[in-house]
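Please open the model in your viewer and keep the selection tool at hand, since each stop of this tour begins with something to select.

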Amino acid sequence: MDFQECKIGIVIPVYNKERFISTTLDSINNLTIKPNEVIIIDDGSTDRSLEIIKNIKLKTKCNIITQRNQGVSKARNIGIKESISDYILFLDADDILRQDALVYFNEYINRGYKIIAGNRINKNGNISVDTNSDIEFTQKIYLNKLYKNINLCWTSAVLLKKDLLFNNNFNENFSHGEDRELFYRVLKDQKAIFVKNVVAEYINDDYGLSNKIINPDQDLFFILLKNISSFDTFNFNNFIFLMKYKFKRFNVSIRNSKIRTAIKWLVE
């Protein structure tokens, strides 16, 4: 099976990313292997994001969709619905794809994997997962790694077979932790591969969703872990991870003078 038979689509949700979106789209133009399509969903941006997008000419088929602000999960689900590709990569509008990203993904498509996760690097040069070899993993291994603060599935670095998403869309009630919760669901009864090669660069937007002040009931990742722990046998290391996670969110709230939110994390 060659690349022409396995079409890769890139879905990009955008909300007020005028500082980053041109660099993100330029990285797609610079790919060694071009995607079959790019679907950009402007989620009601109030800055110049949409204007910038329309002024950049992509070297592949591009579908620009606009909607009122409904959240990143809704935007990604629209991308899934509109995509005509065999595989989908969800690229954040402030991240950058490495030039050979689709070369690595294509190699593992040909090996039969439906879930292919690549390594990621941040702007300081820190690699997400320090490994000298690829890692085959299951849902259980993915979860155990998360408890050790090792995330094998970063949104902009994961390729998914579209048929896994027919009954597994992003939870539209959440805009935080929704990606890790989705990856957990699609990994059920699947074997995935983590590729040691860096495929994406993470740009930390100070105003992005990852830095947003949220309550415990707005964090789908926290809800997932809490639900799993309520059914599983008590594990001290997992318990410590949850406590550290809560304390981290507590500190973020305190730093931003959100005392009520901080208390909610403390007593949760």
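Which residues does tyrosine 245 touch, not counting residues up to four places away in sequence? The model shown here is a predicted one, and in it tyrosine 245 touches His176, Arg180, Asp219, Phe221, Phe222 and Trp265, once residues up to four places away in sequence are not counted.

**Stop 1: tyrosine 245**

Select tyrosine 245, which is found in helix 8, and display the residues around it. Tyrosine 245 has a relative accessible area of 10%, and because buried means under 20%, this residue counts as buried. If you then pick leucine 97 as a second point, the C-alpha to C-alpha distance from tyrosine 245 is 29 Å, for two residues that are 148 apart in sequence.

**Stop 2: helix 7 against helix 8**

Next, select residues 220–231, which form helix 7, together with residues 236–255, which form helix 8. The two helices pack at an angle of about 155°, and their axes are 11 Å apart. That angle makes helix 7 roughly antiparallel to helix 8, because angles over 145 degrees count as such. The crossing of helix 7 and helix 8 is left-handed.

To see the contact itself, show the side chains of Phe221, Phe222, Leu225 and Ser229 in helix 7, which meet Phe241, Leu242, Tyr245 and Lys246 in helix 8. Sorted by class, the residues of this contact between helix 7 and helix 8 are six nonpolar, one polar and one charged.

**Stop 3: helix 8 against helix 9**

Keep helix 8 selected and add helix 9, residues 259–267; the axes of these two helices come within 8 Å and cross at roughly 170°. Helix 8 is thereby roughly antiparallel to helix 9. From helix 8, the contact is made by Tyr245, Lys246, Arg249, Phe250, Ser253 and Ile254, and from helix 9 by Ile259, Thr261, Ala262, Trp265 and Leu266. By class, the contact of helix 8 with helix 9 has seven nonpolar, two polar and two charged residues.

Within this contact, centre the view on alanine 262, which lies in helix 9. Alanine 262 counts as buried, at 0% relative accessibility, and it touches Phe250, Ser253 and Ile254 when residues up to four places away in sequence are not counted. For a reference point elsewhere, select phenylalanine 90, whose C-alpha atom is separated by 31 Å from that of alanine 262, the two residues being 172 apart along the chain.

Before leaving this part, select serine 257 in the loop between helix 8 and helix 9. Serine 257 has a positive phi of about 60°, although it is not a glycine, and its relative accessible area of 60% makes it exposed.

**Stop 4: helix 5 against helix 6**

Now move to helix 5, residues 139–147, and helix 6, residues 178–186. Helix 5 and helix 6 pack at an angle of about 150°, with their axes 8 Å apart, and they are therefore roughly antiparallel to each other. The crossing of helix 5 and helix 6 is left-handed. Here Gln139, Tyr142, Leu143 and Leu146 in helix 5 meet Arg180, Phe183, Tyr184 and Arg185 in helix 6. The residues of this contact between helix 5 and helix 6 divide into five nonpolar, one polar and two charged.

Is tyrosine 142 buried or exposed? Tyrosine 142, in helix 5, is buried, with a relative accessible area of 0%. Leaving aside its neighbours within four places in sequence, tyrosine 142 is in contact with Phe137, Asn151, Leu152, Cys153, Arg180, Phe183, Tyr184 and Leu187. The C-alpha atoms of tyrosine 142 and tyrosine 184 are separated by 7.5 Å, although the two residues are 42 apart along the chain.

**Stop 5: aspartate 189**

Continue to aspartate 189, in the loop between helix 6 and strand 9, the latter spanning 192–202. Phi of aspartate 189 is near 65°, a positive value in a residue other than glycine, and at 74% relative accessibility this aspartate counts as exposed.

**Stop 6: two cysteines**

Finally, select cysteine 62 and cysteine 153. Cysteine 62 is partly exposed, with a relative accessible area of 33%, whereas cysteine 153 is buried at 1%. How many disulfides does a search of the whole structure find? The search finds zero disulfides.

Conventions. Residues are numbered from 1 along each chain as its sequence is written. This is a predicted model: local features need pLDDT of at least 70, side-chain atom pairs count only at pLDDT 80 or more; totals for chains, interfaces and linings use all residues. Side-chain values use heavy atoms; hydrogens and water are left out. Axes are lines fitted to C-alpha atoms, for helices over the stretch in contact, and angles run from 0 to 180 degrees between N-to-C directions. Helices (H or I, at least four residues) and strands (E, at least two) are DSSP runs, numbered from the N terminus. Angles under 35 degrees count as roughly parallel, over 145 as roughly antiparallel, 65 to 115 as roughly perpendicular and the rest as oblique. A crossing is left-handed if the near helix is turned anticlockwise from the far one by less than a right angle, and right-handed if clockwise. Contact means heavy atoms within 4.5 Å. Ala, Val, Leu, Ile, Met, Phe, Trp, Tyr, Cys and Pro count as nonpolar, Asp, Glu, Lys and Arg as charged, and the others, Gly among them, as polar. A disulfide is a pair of cysteine sulfur atoms within 2.5 Å. Buried means under 20% relative accessible area, exposed over 50%, partly exposed in between (1.4 Å probe, protein chains only).
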